[in-house]
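Trainee: I've got a model open and I'd like to learn how to read its strands and its cysteines. Can we go through it together?
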Amino acid sequence: MATASVTPIFSSPLKTSRTTALTTTTTSDQHRNQVVLRRQILKGLVLSPLILIKAPPSSEAREIEVGSYLPPSPTDPSFVLFKASSKDTPALRAGNVQPYQFILPPSWKQTRVANILSGNYCQPKCAEPWVEVKFEDEKQGKVQVVASPLIRLTNKPNATIEEIGNPEKLIASLGPFVTGNSYDPDELLETKIEKLGDQTYYKYMLETPFALTGTHNLAKATAKGSTVVLFVASANDKQWQASEKTLKAILDSFQI
């Protein structure tokens, strides 16, 4: 928010100059600190600031069961269908991300994305990845959609995912956003390439014992326009044992 500064009529030019310089330096430092903090939180390197941040949450998140407001999936009525639109996220409103969709069990709930992670303040030109939406069920696991600026991965405008590189190269760059902290190539169990119409997707299965998101992670990535979109499904050991098939079905349903 802009801050107005009122200078007394008889103040000296030297005092005014010092005040202006101090205000400019403080604003610059605050902006730099915000960018650094957001980058650390996204990579899972800083946990405690999440407790202190009181930024307004996404107004679109609904902490009620999705089955109460989403329509049944036309392919499997035991799931509901989430179709993202411009009212759901800042990036969709800015046109930086193309609409995407996936199915969910009716008992899942949408969770709030902290403003500093949502990309709200940096649209339409974000330099770092941001979180689009998150859903979870304490007994089954959680899913999230992460978007990354294409220029972070390649200098070629509107590159396809194949032009960025093979599946192993892509996950090496985006792995930390799957695990919430770090990525070890030894954690990658399986990769697949999937074609849906003209769109190519890379699919991954990871066993991640030290990940903040969970000991089991599934991911699916594709590129369109100026953005790479990463869908992540995560679970701990107990959740994975009970809902592996459900999480795989959710992952398979994701498309942009």
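Mentor: Sure, and keep in mind that this is a predicted model. Start with one rung of the ladder: Glu207 has His216, in S8, as its bridge partner.

Trainee: Which strands pair there, and over how many bridges?

Mentor: General idea before the case: strands of a sheet pair through backbone hydrogen bonds, in a parallel or an antiparallel way. Here strand S7 (residues 199-207) and strand S8 (residues 216-224) are antiparallel partners, with six bridges between them.

Trainee: What order do the strands of the sheet follow?

Mentor: Read across, the order is S3-S4-S5-S9-S8-S7-S6, seven strands in an open sheet with antiparallel pairing. At the edges sit strand S3 (109-111) and strand S6 (188-196), each paired on one side only. On average, neighbouring strands of this sheet are turned by 20 degrees against each other, ignoring direction.

Trainee: Which strands does helix H6 lie across?

Mentor: Helix H6 (residues 167-179) lies across strand S5 (141-149), S6, S7, S8 and strand S9 (227-235), and runs at about 60 degrees to S9.

Trainee: Now the cysteines. Which two form a disulfide?

Mentor: In general, a disulfide is a covalent bond between the sulfur atoms of two cysteines. In this model Cys122 and Cys126 form one, with their sulfur atoms 1.9 Å apart. The count comes to one disulfide. The Cys122 and Cys126 link is right-handed, with 90 degrees about the S-S bond.

Trainee: Are Cys122 and Cys126 buried or exposed?

Mentor: Buried means under 20% relative accessible area. Cys122 has 15%, so Cys122 is buried, and Cys126 counts as buried too because its relative accessibility is 9%.

Terms used
Residues are numbered from 1 along each chain as its sequence is written. This is a predicted model: local features need pLDDT of at least 70, side-chain atom pairs count only at pLDDT 80 or more; totals for chains, interfaces and linings use all residues. Side-chain values use heavy atoms; hydrogens and water are left out. A disulfide is a pair of cysteine sulfur atoms within 2.5 Å. Buried means under 20% relative accessible area, exposed over 50%, partly exposed in between (1.4 Å probe, protein chains only). Two strands pair if DSSP finds at least two bridges between them. Helices (H or I, at least four residues) and strands (E, at least two) are DSSP runs, numbered from the N terminus. Axes are lines fitted to C-alpha atoms, for helices over the stretch in contact, and angles run from 0 to 180 degrees between N-to-C directions. Contact means heavy atoms within 4.5 Å.
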